[in-house]
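Student: Could you take me through one part of this model in close detail? I'd like to start with a sheet and then see how other pieces look beside it.

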Amino acid sequence: MVFPPSPSFSPRISLSDKRDGSSPAFGFPNGTGLHNLVTPMAECRCQILTKVRSVYFLHGVIGSTDCSVSLVMNYHKLKVAVIGAGASGLCAARHLLSRPHVFAPPVVYELSNCVGGTWVYTDKVGRDDYGLPIHSSMYRDLRTNLPKEVMSFPDFPFDSQLPSFIHHSDVRSYLEQYADHFEIQPHIKFRTHVELLNPVSGTTGDAWNSWEITSLNLNNHCRNTERFDSVIVCNGHYSEPFIPHIPEIEHFKGQKMHSHEYRFAEPFTGKNMVLLGAGPSGTDIALELCSVAKQVVLIHDHSLITSSMPPNFLQVKGVNRFSEKGVICNDGIEYPADVFMFCTGYKYSFQFLGKNVCLEVKDQRVTPLYKHIVHTTFPTLFFIGLCMTVCPFPLFHSQVLFALASLDGTYKIPPKVEMDAITEHEYQFCLQNGIPHRHFHKLDSRQWGYIAELAQLSKTDSIPPVTRDLYEANKKFRNQDLCNYKRFNYKIVSHDTWITVKPKPL
């Protein structure tokens, strides 16, 4: 038999004497017709070709001996790298491993010696034993601000015996169980620092660019370069602090720090604390500090917190400048500060990307990305988990399925010009509706339509409506009673119904 060349696979002929009339099966890539694969030859006359559930059987005769001719298609499986073994990276690896007919086993690069990413707590701040910045921003007593019932991956629930608002160690255990259950650990290169990611072939805009990753093994100091068909970046965005400029900061004589360095409250006993930023971390840390500090001043530009707060808590709108002993706010009052803590969030950082990748991060917006995921110039490069103020694990799940659908052909990625036009339209829509440039990736209630769209494009199931309903209800409860909302427990009873379980006593 003679086979014409194919870009997607290389066939192998297997001839075996089969007097019982049976014949092995062989599969073809989607859209490949048999007339492109098989041509007649003198020694073998094709008698019949049958298809049963997309499996073809070819029966032939060689001379006077009955035989079966099986065609084994060694078509190219996509080799995909995953950068990061936190929640999003584990999710990517799990779904790559679930499709062995399309994807080769993934290679997962992880800087630390364990899975979990930002959910791995350490007392250390600054730099680790290898001189690299500490990745995690976790603090000792953190409990989730979302109930576990809406946090889990859709295909792997949390232990139902846990309370709804769980300690960070429970989330880490959950991710370790997820990795074990889906047998991800053997595919992870721990203590491996990705130094450089570059496209190495194909023309700009070609969907089949390949990639080279240069990495350094931190244990043996060996450097290695590997080539991949696609790369999924899952390096997180809670490790490089964003510190805004405040006039006259150089005059301040007190301690300055970012919440990334905060671990526990005891060192701040009896001190005047001033925190800038009232996001989830700012408000949570402020409440922790109220238990030990002399006074906690929370400066922010959001709507004032109306929930009942501790007596030594004070909130102020807007900071003007520093003084030697504290800060002067927009109300003209100087607030004393032994410690000033920036709770101002984090920057997106992709230091391993080569210049040829041409990814731009400007005022907290990453471009050029389609659907917050796909690099429009290099559409085999994906970024998972850039979106903020979301249900993280369900969102990662939806984004990963969309990325894999675009790789396996389930979803046909539009041309670059079309992707960029769609993204610009979405960006302008946000601006027109009062969403500033820096919050383009901050979805909050926009996440539900976004997740539904990803599910539709990838032809997968969307998350159930109960996730949205409980998330939105919890947000309301948190605003009403910031000090006590984590006392409540919830139970999901159907895809669209949840109930409140008796709260823990005060």
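**A sheet, strand by strand**

Tutor: Let's start with the open sheet whose three strands come in the order β8-β9-β10, paired in the antiparallel sense. At its edges sit β8, residues 192-199, and β10, residues 223-228, and each of these has a pairing partner on one side only. Going from one strand to its neighbour, the sheet turns by 20° on average, with direction ignored. Keep in mind that all of this comes from a predicted model.

Now zoom in on one pairing. β8 lines up antiparallel with β9, which covers residues 211-217, and seven bridges connect the two. If you want a landmark for the register, take T192: its bridge partner in β9 is N217. As general background, strands in a sheet pair through backbone hydrogen bonds, in either a parallel or an antiparallel way.

Further along the chain there's another open sheet to set beside that one. Its three strands follow the order β16-β17-β18, and the pairing is antiparallel. Here the edge strands are β16 (319-322) and β18 (334-336), each pairing on one side only. The average twist from one strand to the next is 30° in this sheet. Look at β17, residues 326-329: three bridges tie this strand to β18, and the two run antiparallel. Within that pairing, V327 sits opposite Y335 of β18.

For a helical counterpart, go to α5 (residues 392-408) and α7 (residues 447-458). Their axes come within 9 Å and cross at roughly 30°. Angles under 35 degrees count as roughly parallel, so α5 is roughly parallel to α7. As for handedness, the α5 and α7 crossing is left-handed. On the α5 side, the contact is made by L395, S398, Q399, L401, F402 and A405, while α7 brings Y450, I451, L454, L457 and S458. Sorted by class, this α5 and α7 contact has eight nonpolar residues, three polar ones and no charged ones.

Finally, a word on confidence. The protein chain has an average pLDDT of 87, and 83% of the residues score at least 70. The stretch to treat separately is residues 1-73, where the pLDDT is below 50. Even there, the model shows 114 contacts between this stretch and residues beyond its near neighbours in sequence.

How values were computed. Residues numbered from 1 in each chain as written. Predicted model: local features only at pLDDT ≥ 70, side-chain atom pairs only at ≥ 80, totals over all residues. Heavy atoms only, no water. Pairing = 2+ DSSP bridges. Helix = DSSP H or I, 4+ residues; strand = E, 2+ residues; numbered from the N terminus. Axes fitted to C-alpha atoms, helices over the stretch in contact; angles between N-to-C directions. Parallel < 35°, antiparallel > 145°, perpendicular 65-115°, else oblique. Left-handed = near helix turned anticlockwise from the far one by under 90°. Contact = heavy atoms within 4.5 Å. Nonpolar A, V, L, I, M, F, W, Y, C, P; charged D, E, K, R; others polar. pLDDT = per-residue confidence, 0-100.
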